Amino acid sequence: MGGSAKGGSRAGRRVSLEAPADLAAAPGYGARRLYQAYLAAWNRHVDSVLTGPQFAVLSAVRAYPGFDQTALAKAVALDTSTMADVCRRLENRGLIVRGPAPHDARAKVLTLTEDGLAAFREVTRRTRKLDQALLEGCPEERRAEVAGMLNELGALWEAVAERREI
C-alpha cells in the first residue's frame, strides 16, 4: 500500500529524496538553494541579527557617504520600499543617520555613525571568512571569476524581471 504521510516516510522509514530531475534542471531552483544555503551560513557564521541586505546598505553608505537613499538602493540591488525599511532598522539601531538631502528635502542622505562603522568592520571580517569558505572548493585563481559570473547572472535575471513579457 502507499507510504505514510508522517514526516515524508514510507512504511515507517525515513527516506532522503532528491529533487525531481525537472526541478533540479531549473535555474531558479538552483538559485533558491544557493540563497537558502547562503542565508543559513550567514546566520550561523556572520551575524544572526544584522541581515545581508543591512550589511550591503552599511557597505554602500561607507563607500558613498552622503548619497541619497534611492541612489544607494540601486547600488545594493534593493527596491526603494525595502531600502526604506532596512534604513529605518539601521537608524533605530544607531548604525546610520538619515538626513535631508541638500538638493531635495524629501530625499534622505545616509551616513554611518561610529557604531555603524564599528559594526561594518566586524561584520566585514566575518563576511570575508564566509566568502572564503563558500568558495573553498573553487580554485583560488577562479574565485573572482565565479563571483563575477554570479553578479552577471543576477543582472541578467533582473533584466528578465523588468520585461513586460517573456
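Trainee: In which helix is Leu-156 found?
Mentor: This is a predicted model, and the residue numbers run from 1 along the chain. Counting along to Leu-156, one arrives within residues 143–162, which form helix H7.

Trainee: Is Leu-156 buried or exposed?
Mentor: The relative accessibility of Leu-156 is 55%, and a residue has to be over 50% to be placed in the most open class. Because its value passes that cut-off, Leu-156 counts as exposed.

Trainee: Which residues make the nonpolar surface patch of about 290 Å²?
Mentor: Leu-156, which lies in helix H7, is one of the residues in this patch. The full set that makes the nonpolar patch is Leu-153, Leu-156 and Trp-157.

Trainee: What should helix H3 span, given its 12 residues at 1.5 Å a residue?
Mentor: Helix H3 covers residues 52–63, and the expected span is 1.5 Å times one less than its number of residues. The C-alpha atoms at the ends of H3 lie at a separation that agrees with this expectation, and the value is 16 Å.

Trainee: Which elements are included in what covers the buried residues of H3?
Mentor: The buried residues of H3 are Gln-54, Phe-55, Val-57, Leu-58, Ala-60 and Val-61. Their cover includes both helices and strands, namely helix H2 (27–45), helix H4 (69–75), helix H5 (80–92), S3, S4 and helix H6 (114–134).

Trainee: Which residues does Phe-120 touch, not counting those up to four places away in sequence?
Mentor: Phe-120 belongs to helix H6, and at 8% relative accessibility it counts as buried. Although Phe-120 and Ala-56 are 64 residues apart in sequence, their C-alpha atoms are 9.4 Å apart in space. Leaving out the residues up to four places away, Phe-120 touches Phe-55, Leu-58, Ser-59 and Arg-62.

Trainee: In S4, which residue is the bridge partner of Arg-98?
Mentor: Strand S3 (residues 96–101) pairs with strand S4 (residues 104–112) in the antiparallel sense over six bridges, and a hairpin of two residues joins S3 to S4. Within S4, the residue that partners Arg-98 is Leu-110.

Trainee: How far apart are the closest N and O atoms in the salt bridge of Glu-91 with Arg-98?
Mentor: Glu-91 is partly exposed, with a relative accessible area of 28%. A salt bridge calls for a side-chain nitrogen within 4 Å of a carboxyl oxygen, and for Glu-91 with Arg-98 the closest such atoms are apart by 3.1 Å.

Trainee: Which residues are joined into one network by salt bridges that share partners?
Mentor: In helix H6, Arg-128 and Asp-131 lie three residues apart, about one turn of the helix, and their side chains meet in a salt bridge of 2.7 Å, N to O. Glu-122 and Arg-125 are likewise three residues apart in H6, and the closest N and O atoms of their salt bridge are 2.5 Å apart. Residues three or four places apart in an α-helix point the same way, because there are 3.6 residues a turn. The network formed through shared partners joins Asp-47, Glu-122, Arg-125 and Arg-126.

Trainee: What is the phi of Ala-77, which is not a glycine?
Mentor: Ala-77 lies in the loop between H4 and H5, and it is exposed, with a relative accessible area of 53%. Most residues other than glycine have a negative phi. Ala-77 instead has a positive phi, of about 60 degrees.

Methods
Predicted model: local features only at pLDDT ≥ 70, side-chain atom pairs only at ≥ 80, totals over all residues. Heavy atoms only, no water. Patch = residues over 30% accessible without salt bridge, like charges linked within 9 Å, V, L, I, M, F, W, Y side chains within 5 Å. Areas by Shrake-Rupley, 256 points an atom, 1.4 Å probe, with all protein chains shown as cover. Helix = DSSP H or I, 4+ residues; strand = E, 2+ residues; numbered from the N terminus. Buried < 20%, exposed > 50% of the residue type's maximum accessible area, 1.4 Å probe, protein only. Pairing = 2+ DSSP bridges. Contact = heavy atoms within 4.5 Å.
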